[in-house]
Amino acid sequence: MVREAFPIFIDWGTILGLPPALIFFTGALLIVLIRGRFQDGARQVIMIATPLVGLWNLTSLVPGEAWEYVIFDMDLSLVRVDRLSLLFGLLFHVGALLGAIYALRVKDPVQQVAALAYAGSALGAVFAGDYLTLFFFWEAMAVSSAFLVWAGDGKGAASAGTRYLIIHVASGLLLLAGALLHLTRTGGLSFDYVGLAGVEGWLIFLAFGIKAGFPFLHNWITDAYPESSPTGTVFLSMFTTKVAIYALVRGFPGTELLIYVGAVMALFPIFFAVIENDLRRVLGYSMINQIGFMVVGIGIGTDLALNGAVAHAFNEVLFKGLLFMTMGAVLLRTGTAKGSELGGLYKTMPKTAILCMVGAASISAFPLFSGFVSKAMVMAALLEGGHTWIWFGLLFASAGVFHHAGIKIPFFAFFAHDSGIRTTEPPGNMMLAMVLAAAGCIFLGSLPVYLYSLLPWTVEYTPYTYSHVMLQTQLLMFSALAFIWLKLGGIYPPELKSVNIDVEWLYRWVGPRAAKAVMGNIMFLVTNFGESIREMSGPVIDRLIKPNGSLARILSTGATILWTAAILAGFLILYLLRGAG
Amino acid sequence: MTTDETPPTAKEEKPRFLDNPRNVKGILWGFLVLCLAVVGYEIYRPLGGASGGVSGDEAEAVHHLAERAGALEFVGSFALYGFVSCVALVVLGKGLRRLAMRPEDYYDPEPTEPDEPTPTSDEAH
């Protein structure tokens, strides 16, 4: 009855708790509103209290519950609670709390608001039950996180932030177009399996792929993350790509293409990571590599593989967050995160060095550290599914991870040649955040049963068997031996002040120059041959706009959506080329 | 970002344990011995079915793999795989550097910055 009377109707359902996103948006709003003598302290309290209140709220959400609303006959769902959304909900609360502790001394309200709104949007996205609600939070995530990129001190932060925003808005656009097509085709918007059967599936796939850092769409990670502030990068590393993993698990489980996409993601970044000088960019490449393992797991699509993918996403937030924290501490104390400038910091930052090595051991999947218990599930699922060659490829990638993230990062920052830099450990709040993250890495790696009990699917898996431990230990120890041999033999490439061109070269170098040349030629033609062009094009334009002409036809809804998306995407690309040039 | 401590300036300091090349050498030799010991242990207790049996267990899976592919059955096979992988990674990475490396200000050239010397060429070595 009520539903028919009003175009907008909210069904409060049986939910006892609040939508998790609402708590974070309220926190962000409070930070904006607070003024006065004690504003700095009050804002700090809000930064810490928000994720804590959120965690408390999370305990009152029970799987199976939903918070639904209706807008113009569309059944939408603001909150859908199940084991999968709860797992990511818990993860993002923990991540937001660690980030807030780490960034406690940041007094810039813009960064504080951006961080809370960003975490809230990520939570909104994982609890969204339909593609339209997802789209709303998807774009909110893009806008709020762009402010964290812009918060960077370097001269490249402004343009990197703009490129980042354009790419993420474009991803949202694809998602919207896909969602609306999905609605016209199926009559529903439920955020569930969509697959690659239709155009709408491909649009949504591409939207998720941009946020997940698929090959050729990955450069926003390595472009923006190293430009953000020491604390901003920590937040950035925790949410966006993990939301993408969550979305792929919802929309495309068992899509075989993802196995190959993921394998490429796991493999190609390690080569860039080996030669990259900026250690935060090395972590960006290594993030793509780790996401590759998750994407492979989603592609396999068995319960074991999907559990592995989400468990690895959980662990990665902790260990990659920890590694970005240690590099942020180095950047804060020395003013640089470049391998060519650093070295010997263990003398004055020994605790940070040890914490960095804990993160390194975790990402490298050493036994007793968190990566070991989650990556192995994907590897085992590959063998069960008969994907032997991909398994060999990912084994190579595993050795490569240890090489660039496990050894290179701690070695060139804290050991290697003594750079002469003498500094101090980071402030206590940063240290606390790093210690908590490191403790989490060791806890989950040593007692995986606690992580496994949270996973969405029921699977018996035992990571600590003699063969698995032996296999991994041999692989990693001899990878280290290879590093030593290559370094002593002078074969290892030295850290050099440089950038390495990647796919972004197309839109940061070729594109602007090509656009400039084309515009120059057009202007030349218009100036010199304007009159004749007008005469020649007259009949063509006539034909387009006359009754029944191509531009006067009535398009179907689907075609209109596609054209609107295409025009907006075209505008974004032009802006990207202009902005980067 | 505010900091409460100011970094101390560089000063005369006692040499650390790792400043002595002999100690570093000792550590590296120790590590080599440890590596060989780990492979040696595999002779004593082979990989595969011995501990397998649990569903979804990698030991079981590796055992199947060895049967199917006829590869990686020998002692130390994964050690060799790790070593060769990393050497290949670095050699290929160096090749990539020849193709991809550009000066630090490649995307945003600023000619008036004397304190930032740029790499001389596209070639690393």
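# Notebook: a predicted model, chains A and B

I began with the domain assignment of chain B, which gives domain 1 (18-74) and domain 2 (76-105 + 117-125). Domain bounds here come from an automatic or database domain assignment. I then looked up where the two parts touch. Five residues of domain 1 of chain B and five residues of domain 2 of chain B make the contact. Two residues are in contact if their C-beta atoms, placed from the backbone, lie within 7 Å. On the side of domain 1 of chain B that touches domain 2 of chain B, I found three nonpolar residues, no polar ones and two charged ones. Ala, Val, Leu, Ile, Met, Phe, Trp, Tyr, Cys and Pro count as nonpolar; Asp, Glu, Lys and Arg count as charged; the others, Gly among them, count as polar.

A note on the ground rules. This is a predicted model, in which local features need pLDDT of at least 70 and side-chain atom pairs count only at pLDDT 80 or more, while totals for chains, interfaces and linings use all residues. Residues are numbered from 1 along each chain as its sequence is written, and chains are lettered from A and ligands numbered from 1 in the order in which they are written.

**Chain B, overall.** I read its pattern along the sequence as α-α-α-β. That comes to three helices and one strand. Helices (H or I, at least four residues) and strands (E, at least two) are DSSP runs, numbered from the N terminus. Of the 125 residues in chain B, 18% are buried. A residue is buried if 20 or more other C-beta atoms lie within 10 Å of its own, exposed if 12 or fewer, and partly exposed in between, with C-beta atoms placed from the backbone. I also checked the contacts in chain B with a separation of 6 or more: 28% of them join residues 24 or more positions apart.

**Chain A, domains.** Here the division is domain 1 (261-503) and domain 2 (505-580). Their C-alpha centres lie 45 Å apart.

**The core.** Which residues have the most contacts inside the largest nonpolar core? I found Leu248(A), Val296(A), Leu322(A) and Leu394(A), in a core of 220 residues. A nonpolar core is a set of buried Ala, Val, Leu, Ile, Met, Phe, Trp, Tyr and Cys residues joined through C-beta atoms within 7 Å. Helix α13 (residues 303-334) of chain A gives the largest share of this core, 19 residues.

I followed Leu248(A) next. Leaving aside neighbours within four places in sequence, Leu248(A) is in contact with Phe208(A), Ala212(A), Leu258(A), Val295(A) and Ile298(A). Phe208(A) sits in helix α8 (residues 199-212) of chain A. It counts as buried because 27 C-beta neighbours lie inside 10 Å. With the same neighbours in sequence set aside, its contacts are Ala244(A), Ala247(A), Leu248(A) and Gly251(A). I also noted Ser171(A), 37 residues from Phe208(A) in sequence and 7.3 Å away in space, C-alpha to C-alpha.

**Helix α14 and its end.** I checked the length of α14(A). Its 14 residues should span 20 Å at 1.5 Å a residue, and its end C-alpha atoms are 20 Å apart, which agrees. The expected span is 1.5 Å times one less than the number of residues. Its buried residues include Thr352(A), Leu355(A) and Cys356(A). Among the elements that cover them are α12 (279-300), α13 and α15 of chain A.

Ala365(A) lies in the loop between α14 (350-363) and α15 (370-384) of chain A. It is not a glycine, yet its phi is positive, about 65°. Buried or exposed? Ala365(A) is buried, with 28 other C-beta atoms within 10 Å.

Ala416(A) also has a positive phi, about 50°, without being a glycine. I placed it in the loop between α16 (388-414) and α17 (428-446) of chain A. It counts as partly exposed because it has 19 C-beta neighbours inside 10 Å.

**The hairpin.** Strand β2 (residues 66-71) of chain A runs antiparallel to β3(A), joined by six bridges. Two strands pair if DSSP finds at least two bridges between them. Ile71(A) has Met74(A) as its bridge partner, and Ala66(A) stands opposite Arg80(A). Two residues separate the strands, and Phe72(A) takes a positive phi near 45°. Strand β3 (residues 74-80) of chain A is mostly covered, with five of its seven residues buried.
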